[in-house]
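Hi everyone, thanks for coming. I'd like to walk you through a structure that may be new to you, so please have a look at it with me.

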Amino acid sequence: MEERRFAEVPRESIKLMAESSGVELSEEVAALLAEDVCYRLREATQNSSQFMRHAKRRKLSVEDLNRALRWSNTETICGYGAQDALPFRPLKEGELFFVEDREINLVELALATNIPKGCAETMVRVHVSYLDGKGNLEPQGTVPTAVQSLSEDLLKYYQQITRAILGEDPHLMKVALLDLQSNSKIAALLPYFVYVISGVKSVSHDLDQLNRLLHMVKSLVQNPYLYLGSYVRSLVSSVMYCILEPLAASINPLNDHWTLRDYAALLLSHIFWTHGDLVSGLYHQILLSLQKVLSDPVRPLCSHYGAVVGLHALGWKAVERVLYPHLPAYWANLQAVLDDYSVSNAQVKADGHKVYGAILVAVERLLKMKALSLTLAAEGSGAGLPGTTTGAVGFRENSPGLSPPSEPLSEPPLGIASHLQAGGAGCPWEEWTPVSLPAMYCELYSFFGDSLAVRFSTGPPLGGATPPGPCQPLEGRKEPASSAPNLENTRKMPQLTASMNISPRQDGSPRMEPQPPSLAATVPGRSLARSSSSSSVSRSRSSSSHPGRSTSQSRDIFPKARFPLPQAGPPAFSFIIGGRQMGRRCQGRRFQTSFTPTPPLTTHPPRAYAHKLPVIGRVSKPVRRWTCSHYSLHLPL
Amino acid sequence: MCLWCRIRQKNPKKKTYYAAHVMTPLLSAPGEKMAAVQDAPMELDSEKETKPEILSDGTSNLSGNTASGTLSSPPLTAGGAPKQEDQQTLIAVLQFLRRNKLTESVDILRREACLEDQEDSQTLDGSGGGKGDGDGGDANSLLSRVSIASAAAPQSTLTPIPVKSEYDQPDVSVVLSAYSQQGDPSLYQVYYTGLKNFIESVLDCHRAELSQLFYPLFVHMYLELVYNNHETKAKAFFEKFSGDQECYYQDDLQILCGLTKKEHLKGNEALLDFRTSRFVLRISRDSYQLLKRHLQERHNNQIWNIIQEHLYIDIFDGMPRSKSQIDSMSGSFAGETRREVNKAKVFYGLLKEPEIEVPLDDEDDEAENEEGKPKKKKTKKDSMGSKSKKQDPNAPQQNRIPLPELKDSDKLDKIMYMKESTKRIRLGPENLPSICFYSFLNAYQGLTAVDFTDDSSLLAGGFADSTVRVWSATPKKLRKVKSAAELNLIDKESDDVLERIMDEKTASESKNLYGHSGPVYGVSFSPDRNYLLSSSEDGTVRLWSLQTFTCLVGYKGHNYPVWDTHFSPFGYYFVSGGHDRVARLWATDHYQPLRIFAGHLADVTCTRFHPNSNYVVTGSTDRTIRLWDVLNGNCVRFFTGHKGPIHSLAFSPNGKFLASGSTDGRVLLWDIGHGLMIGELKGHTDTIYALKFSRDGEILASGSMDNTVRLWDSMKAFDDMETDDFTAATGHIPLPDNSQELLLGMYHSKSTPVTHLHFTRRNLLLAAGAYNSQ
């Protein structure tokens, strides 16, 4: 019997298919159709083999067949593109065969814990196969893949590297890090390294180790051969830990955990910019967690510092989105810390200054970038400008004198408005929006005063002059007496003036007032009265705010603020960085450097101030935990 | 299906016609004057006068090439005396144009023909009248006249049939109607058996030759049965005799086997091609007489008719060929080559190298320091220099094809090349090259094409996921040019301005080029390394800048997948070939092709430029190789012998020889000047995708799907063959089966099919392929 050369579609199959689509076929038609189908199938296969040959493959793929079909104007077959063969199964009863098409539970798939293999980058490797026509004894080399089973060598490599990085020898560490950064064959070790890095939580008392682990992260991130994939999330969380957590190491003020946080923040932004696309929504997750920390008053100041630095590293947009709207609420807390001159508060205050500095830097960049983006889109923003200019004109008329009494009353719900008044501006910011630069400047100015002004007007040029739109209100507000303050500002170098205050009385800032508009609404008259009185005198000196603060203390979440003020404290130096106009209306924060309180503090034993760490916020669990850990750390001493 | 193929047939042809008119003047673009083009035909004429055998060979312009002769006007205007065939062609073209209402083109063509009238009025009177009368007559009547003419003189009129087929291919019914004469279907088996018995009974020396008849007769008889709806008889006929056919026709038999309906016949292009082209057999006069006598004795008209209508028997005087000789040449879709097809003169010599002053002294000092044998090198170079100054008698005129002028950077590159070539290792059977393998790792998306720059500094890969990736093969990273805004800031007077325009921030080892929407099947670097070409399934050829790493042009013309593309060795021109069965010649600054090389009966799979840029070679799925003249678009060489689609081609560095590799795993060597097959290299077990001669041409490297690179002694293969004009006249030479002697080495890769081979300027062999982990 001669074997059949080709598979044929039997007419029964044709009839069955016709039936399934509701057509009754006669035997004759089915036979004809069967033959035609066979022929067409063969034709398509022959055409598709050409695509296979040109793709330099031996295996005909569904893709090839679909291409052949497409070029012969036939509809392509969808749903069979998978690389692995589809199982073709018989049904037990009846002669029916079908392709198994399992339903996939998407929830299960999404929540599956097994990490999918990454797809390693295509690359070219050279290998001298035959030297002078003679075979090379060296093997061709292994193929770097995303995940491969661990070989003996790799395991050894892993041990050596981790030992070198976490060991004592700094030179060895450097070599190891360099190799980690450039080795192309360590894809298989990635999960192990990620695991090692996730050990940051267990070494939070050892700044050195933390630093080394962060360097390891950096090397891994910079390795061009590694596909981090979903490990990015794990790395980010490790880095975030270093940024945000009140590390055990930070209990000792001698430990420079600030630098660690700065470095970690830089690293975070590096990971985000280079690998942010690997995990969807990573940016928002990071922002969310930073915001959470920032808005949590229970957290220690070093955490807040980390959040601010992290936001700063993520770019001015992040600062604008998270830090800026949160600043009014946060400022109150910070102010309370900074204004507390008690000795017991000194360390916390130093931390507070750190945070203050970080915010200032972040905000400065925000303003500069914003101004730059405005100049770039100068013509486009015409729609928003009229409002601000009219506001500026009105403001100019008003600003030489005191703010008209009716204005604050007209907009009592705006807590911000009262702030602005407190800032001595009294400007009618009806069109206040969170994105408008002048408004932002105004608001920030109310916090930072001239230290901001100076920073903003100096530093790298913002693509020429400051934008005309925003700067009009600025100059009016800042320097009503001067006709061309902007010019003056740009020419002026920042001055460092040291002044000695016998008693720290500048704590009475009205900025202590709680921010929520509902609260502000309860005291419009008071704020008005204060503003009228304070703007004549130097803002910070006004003692009248003392009772104001105590009465307006609607939230008792800042117990530190009620600490009795030390009347006979040590003379404190406060540096005021500012322009010449500083002396006139110094309603901004004096930049009180942290070293004023520190010299006496270094003499203190760590215990003395350690429990002051959670000074912002209620005494709650973390406080206890940290005091405990402090004790555990320092008891041997 | 039917409509589809009709459109496919039609469109390129129409375009072609315009192209031939519009493009000819455009060729003069690259810095040369029009005169260059005008000179060239005159040159051609003078050549013809000096070589009378070409003139006497009446069909040299059109033979072996069904389309190009009619497509490109140069042969009409430039060729010597117009022949009867040309007239008929002309009439057919006019008919076709009129039918498609392309009146303008009709006028243009007429005008041109009339011009010819004045030059040579001897034959055109008839055609002029024919034109006038022919207005009313339909194409069929005209073509029937043509066929009658051909029937009257079957030996001399080769071209009318192709012409007929050319213009009636769309009309399937006309093509197939040849089958409509009713013989008794039941007698077919008897006829065939009778012939078979006769051939088996003849003397051994004739048997092999006459056996060639089996396959074409079998196919035509089978198709005739199918066409006349004798399905069961056709099947029985197939079953009975398909086993007798040569094994290398297996692919075709598979197609035939499935075809049992007249309707299927109409949609099958491959078989339409089989129908429309005459199957060429080469038979000695003795064998032919034997056959003729037999058929006449038996009054076997059925078979005689088929032979008359569908076969072309090229009769030669001399010894009948042996079985192996026949086998080596047959296997193509349309039979063998007609001898006269390959008679046209081919200027295979190299162009004179431009004279560039090389700072010899520094170079030699260097060489002395490094190698210690400067004396020898110097003399060698001098000899090379003197050789290049003399005009090669086989070389084309320097300005036969207008070539771009050398830029300063090109001259620098030439100097670099000269310097490098002095350090070149002389290869030979005792001195084999070292091989470096470039493995593409993790190329899950499918590596489909690879190319190296001539100086081996860059490497490009085309992938099935539509991307093209460029790697730097040196430590120097790839950099983009700065953006326009940044470029404005640069000091343009500074000495290192070329360095300053590069954007250091973009430096990377590789760059991805996105733009295609289908697998990239061919990539080719320009010789100056500024451009990269890629051809893709999406029907376009794209030109990429390697300065900005962006796409500059998308050349749309092939409306079907473009299988291959190749830059001219002098840049500016490039050739592409694809599924639409034509190869196109382009210039980078023209969005339309300059020439369309039509004639292959199936996809053009592989295209290469001759080292002197005057010729283009194409390999096809129809298992043939054609060499085309860039100047006039003629097919000047037609090689058969492969048993499968051709996937790789390579010219020897001296331009004299051609190597071709195919899916059958064999490499064939061809002498271009004489138009002969001169060698067969057997050994590979799978498709050969890469072929390359070493820089001096001593070694031929072949790379294949079977994961091996083989080195062959090409010097020996060429030297052993005594090819002269006498052997060329017979059209075949005895081929020694010496593959094993010629094989110098076989080198295995680690499950990496070899996709590309490249010899560096110092003769180091670079191979490339995608590592296949399965």
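I'll start with the place where the two chains meet, then turn to some repeats and a salt bridge inside one chain. Please keep in mind that this is a predicted model.

So, how many residues does each chain bring to the contact? Chain B gives 65 residues, and chain A gives 45 residues. Together the two chains bury an area of about 4800 Å², with 52% of that coming from carbon and sulfur atoms. On the chain B side, the residues that lose the most area to chain A are H264(B), L441(B) and N442(B), which together make up 13% of what that side buries.

Now for the polar side of things. Between chain B and chain A there are 13 residue pairs in polar contact, counting pairs with both residues at pLDDT 80 or more. Which parts of chain B give two or more residues to the side that touches chain A? Among them are helix 15 (231-241), helix 16 (250-258) and helix 17 (262-267), along with several strands, including strand 29 (743-748). The largest share, 7 residues, comes from strand 3 of chain B. Sorted by type, this side of chain B has 31 nonpolar, 23 polar and 11 charged residues.

Let's stay with strand 3 of chain B for a moment. It is joined by 7 bridges to strand 3 of chain A, residues 123-131, and the two strands run antiparallel. If you want a spot to look at, find Y130(A), which stands opposite I435(B).

Next, salt bridges. Side chains of opposite charge can pair when their charged atoms come close. Across the interface of chain B and chain A there are 4 salt bridges. One of the salt bridges in the model links E35(A) with K235(B), where the closest N and O atoms are 3.6 Å apart. Over all chains, the whole structure has 47.

Here is one within chain A: R40(A) and E43(A) meet at 3.4 Å, N to O. These two residues are 3 apart in helix 2 of chain A, so about one helical turn separates them.

Finally, the repeats. An unreviewed UniProt entry lists WD repeats in chain B, including residues 513-548 and 681-713. Residues 513-548 are 0% helix and 53% strand, with the end C-alpha atoms 10 Å apart. For residues 681-713, the values are 0% helix and 61% strand, with the end C-alpha atoms 10 Å apart.

Thanks for listening!

How values were computed
Residues are numbered from 1 along each chain as its sequence is written. Chains are lettered from A and ligands numbered from 1 in the order in which they are written. This is a predicted model: local features need pLDDT of at least 70, side-chain atom pairs count only at pLDDT 80 or more; totals for chains, interfaces and linings use all residues. Side-chain values use heavy atoms; hydrogens and water are left out. Contact means heavy atoms within 4.5 Å. Buried area is the accessible area (1.4 Å probe) that two parts lose on being put together, summed over both. A salt bridge is a side-chain nitrogen of Lys or Arg within 4 Å of a carboxyl oxygen of Asp or Glu. A polar contact is a pair of N or O atoms within 3.5 Å; within protein, one must be able to donate a hydrogen and the other to accept it, and residues adjacent in sequence count only if both atoms are side-chain atoms. Helices (H or I, at least four residues) and strands (E, at least two) are DSSP runs, numbered from the N terminus. Ala, Val, Leu, Ile, Met, Phe, Trp, Tyr, Cys and Pro count as nonpolar, Asp, Glu, Lys and Arg as charged, and the others, Gly among them, as polar. Two strands pair if DSSP finds at least two bridges between them. UniProt positions are given in the numbering used here, feature names are shortened, and annotations may be inferred rather than shown by experiment.
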